[in-house]
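Work through the exercises below with the sequence and the model at hand. Each task is followed by a solution in steps.

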Amino acid sequence: MNLSRAADLWWKNAVVYCLDVETFADGNGDGCGDLRGLIQHIDHLDRLGVTCLWLMPFYPSPDRDDGYDITDFYGVDPRLGTSGDLVELVRTARDRGMRVIADLVVNHTSAQHPWFLDARSSRDSRYRDWYVWRDEPPADAAEGVVFPDQESSLWEYDKKTKQYYLHQFYKHQPDLNVANPEVRDEIARIIGYWTQLGLSGFRVDAVPFLLETERVQDTVALPDPHDYLADLSAFLRRRNGEAVLLGEVNLPYPDTMAFFGARDGGGSTDELTMCFDFIGMQQMYLSLARADAEPLADALRQRPDPPEDGHWATFVRNHDELTLDKLTDAQRAEVFAAFGPDEDMQVYGRGLRRRLPPMLDGDARRIRMVYSLLFALPGTPVVFYGEEIGMGENLALDGRFAVRTPMQWSPEPGAGFSTADPSTFPGPVVEGAYGPEHVNVRDQVRDHDSLLSWFRLLVDSYRACPELAWGAYTVLDPGPDARAVLAHRCDSGEPGVGCTLIALHHFADADVEAAPVLPELAGVTLTDVLDPAAEPVVVGDDGRLTVPLGPYGCRWLRAS
């Protein structure tokens with residue numbers, strides 16, 4: 001990849017920051033986060049080095065699923081602001097070099113959406129075929145239930161029209177019928193509308209579910225779902241050539257690759273621009289639990305290269321449960337034992353509802369190593385709000401809400417989130433060791449040894465090393481007796497002309513000597529990116545790089 005294309009493919013070395021407007025900052029003092037509050041804190045994100053804001057749903061909603069049950073795809077929830085506020089956010093972010101993307105949740109609507117209210121009023125409704133109906137549920141109606149504690153079937157009976165409708169999530173979220181051309185056209189209008197208001201793309205929710213058409217009844221010659229995704233991508237790029245589609249595709253690597261497109265065998269994606277690396281994330285937690293880098297190293301060896309203008313999105317945790325569903329039962333049990341031994345820390349037997357610092361018992365060495373790894377891994381790093389200061393979770397809240405607590409700006413009881421009575425907040429502020437009196441932005445800004453300062457260093461270093469985002473990566477043998485070390489290299493440009501970065505991350509609480517072999521770098525001096533004052537390291541004449549690492553140590557060593 002020619003580095004001169006960096007301006008065109010901005011997502012290649014972006015720093016993406018995911019936030020829920022409702023829980024980020026309250027700008028008008030009513031107790032609910034809003035777009036004005038976000039705008040008022042945009043400089044925090046600028047100083048952090050964020051280049052892309054990812055907004056969780058801000059659309060009008062009954063809020064039964066934290067905004068993912070939408071009643072108007074063309075509006076802004078009045079609690080959060082107006083369309084004018086959103087445009088002002090986009091303009092303010094652009095002034096600071098940030099783009100804004102938003103959740104595209106078009107797999108389903110709220111049961112209170114006018115389309116569905118009309119559709120269930122009569123079998124003759126013009127919106128009837130915008131949803132999926134059957135006279136009787138299929139034999140496999142209970143298979144694939146996403147929320148087994150709340151739903152027992154994917155089909156719900158509608159008493160008035162005496163048919164069942166499909167809902168792959170909650171019964172109050174009926175699925176849209178994407179096999180219907182009118183629905184596909186409407187989705188295009190939705191993304192066209194928000195693109196016109198300044199958005200630079202979308203994080204596409206539940207992509208495999210969106211493209212699922214096998215459950216559609218009495219439809220002949222269904223379109224290829226991937227053709228539809230390619231059409232949607234082409235439409236978006238006609239409207240905005242720099243726009244991206246970031247897909248939530250939690251599937252094994254070979255299956256995920258299909259969602260990038262490039263089915264003509266070429267090097268360009270024609271479907272999703274980026275896909276989250278769920279496999280690498282899950283193997284990382286297994287490596288942490290075992291103090292053994294090999295599970296993650298093996299995943300990285302198996303991870304296919306994306307198309308030339310596509311990318312993997314890497315993350316430590318996201319806004320949902322921390323899913324571990326692609327691990328074996330035995331592997332998942334290891335991670336549960338290490339990081340979520342209590343049943344209320346787990347969710348549906350397949351994931352965790354915790355943030356990283358409490359999982360690692362607040363061990364600063366380990367926490368910093370993990371975030372160093374996030375920015376050093378090949379891919380686009382995605383950060384969930386509050387990670388930069390080490391926020392914890394509130395296990396007293398239901399399900400995924402445990403990690404969706406108000407942002408902690410200052411040590412006051414309201415955490416600087418709002419001046420209103422905390423009882424009016426979307427949810428309670430975290431208490432205890434990870435409460436705002438101990439974990440907040442204001443204190444960490446003033447502390448050069450804080451996690452926030454470490455994040456800023458990592459972001460600055462990542463942006464200064466284009467080989468991390470643009471180069472080819474290779475997993476290295478870390479040397480004898482260094483199984484706990486993940487060693488990988490990233491190379492850009494031609495040998496002797498470009499740059500090479502060697503990243504070392506130690507997963508164990510012990511001293512170790514990493515010794516990868518780099519024959520083409522024999523005799524080359526490497527400088528420490530994260531600590532420029534550190535003594536340079538010289539690769540031996542035999543090509544062996546010998547680097548001592550302390551417990552949970554990490555180093556980025558660069559040759560240029």
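The exercises treat a predicted model, beginning with its domains and going on to a salt bridge and two sheets.

**Exercise 1. Domain layout**

Task: State which residues make up each domain, and how far apart the centres of domain 1 and domain 2 are.

Solution.
- Step 1. Domain 1 is assigned two segments, 3-106 and 181-461.
- Step 2. Domain 2 covers 108-175, and domain 3 covers 472-559.
- Step 3. Taken over C-alpha atoms, the centres of domain 1 and domain 2 are 28 Å apart.

**Exercise 2. The interface of domain 1 and domain 2**

Task: Describe the contact between domain 1 and domain 2 by residues, buried area and polar pairs.

Solution.
- Step 1. Count the residues: 25 from domain 1 touch 28 from domain 2.
- Step 2. Take the area: the two domains bury about 2,200 Å² between them, and carbon and sulfur atoms account for 56% of it.
- Step 3. Look for charged pairs: there are zero salt bridges between domain 1 and domain 2.
- Step 4. Count the polar contacts: nine residue pairs, both members at pLDDT 80 or more, join domain 1 and domain 2 in this way.
- Step 5. Find the main contributor on the domain 1 side: helix α6 (residues 181-196) supplies the largest share, four residues.
- Step 6. Sort that side of domain 1 by class: 12 residues are nonpolar, 11 are charged and two are polar.

**Exercise 3. A salt bridge**

Task: Locate the partners of the salt bridge between arginine 120 and aspartate 158 along the chain.

Solution.
- Step 1. The structure has 36 salt bridges.
- Step 2. In the pair of arginine 120 and aspartate 158, the N to O distance is 2.9 Å, which falls within the 4 Å cut-off for a salt bridge.
- Step 3. Arginine 120 sits in the loop between α5 (114-119) and β4 (133-134).
- Step 4. Aspartate 158 belongs to strand β5 (residues 155-158), so the pair, 38 residues apart, links distant parts of the chain.

**Exercise 4. Two open sheets**

Task: Give the strand order and the edge strands of the sheet that holds β4, then of the sheet that holds β11.

Solution.
- Step 1. The sheet with β4 is open and antiparallel, with three strands in the order β4-β6-β5.
- Step 2. Its edge strands are β4 and β5, each paired on one side only.
- Step 3. β4 and β6 (residues 163-166) are joined by two bridges, and tryptophan 133 stands opposite tyrosine 165 in β6.
- Step 4. The sheet with β11 is likewise open and antiparallel, in the order β11-β13-β12.
- Step 5. β11 (322-323) and β12 (346-347) are the edges.
- Step 6. Two bridges connect β12 with β13 (residues 351-352); valine 347 has glycine 351 as its bridge partner.

Technical notes
Residues are numbered from 1 along each chain as its sequence is written. This is a predicted model: local features need pLDDT of at least 70, side-chain atom pairs count only at pLDDT 80 or more; totals for chains, interfaces and linings use all residues. Side-chain values use heavy atoms; hydrogens and water are left out. Domain bounds come from an automatic or database domain assignment. Contact means heavy atoms within 4.5 Å. Buried area is the accessible area (1.4 Å probe) that two parts lose on being put together, summed over both. A salt bridge is a side-chain nitrogen of Lys or Arg within 4 Å of a carboxyl oxygen of Asp or Glu. A polar contact is a pair of N or O atoms within 3.5 Å; within protein, one must be able to donate a hydrogen and the other to accept it, and residues adjacent in sequence count only if both atoms are side-chain atoms. Ala, Val, Leu, Ile, Met, Phe, Trp, Tyr, Cys and Pro count as nonpolar, Asp, Glu, Lys and Arg as charged, and the others, Gly among them, as polar. Two strands pair if DSSP finds at least two bridges between them.
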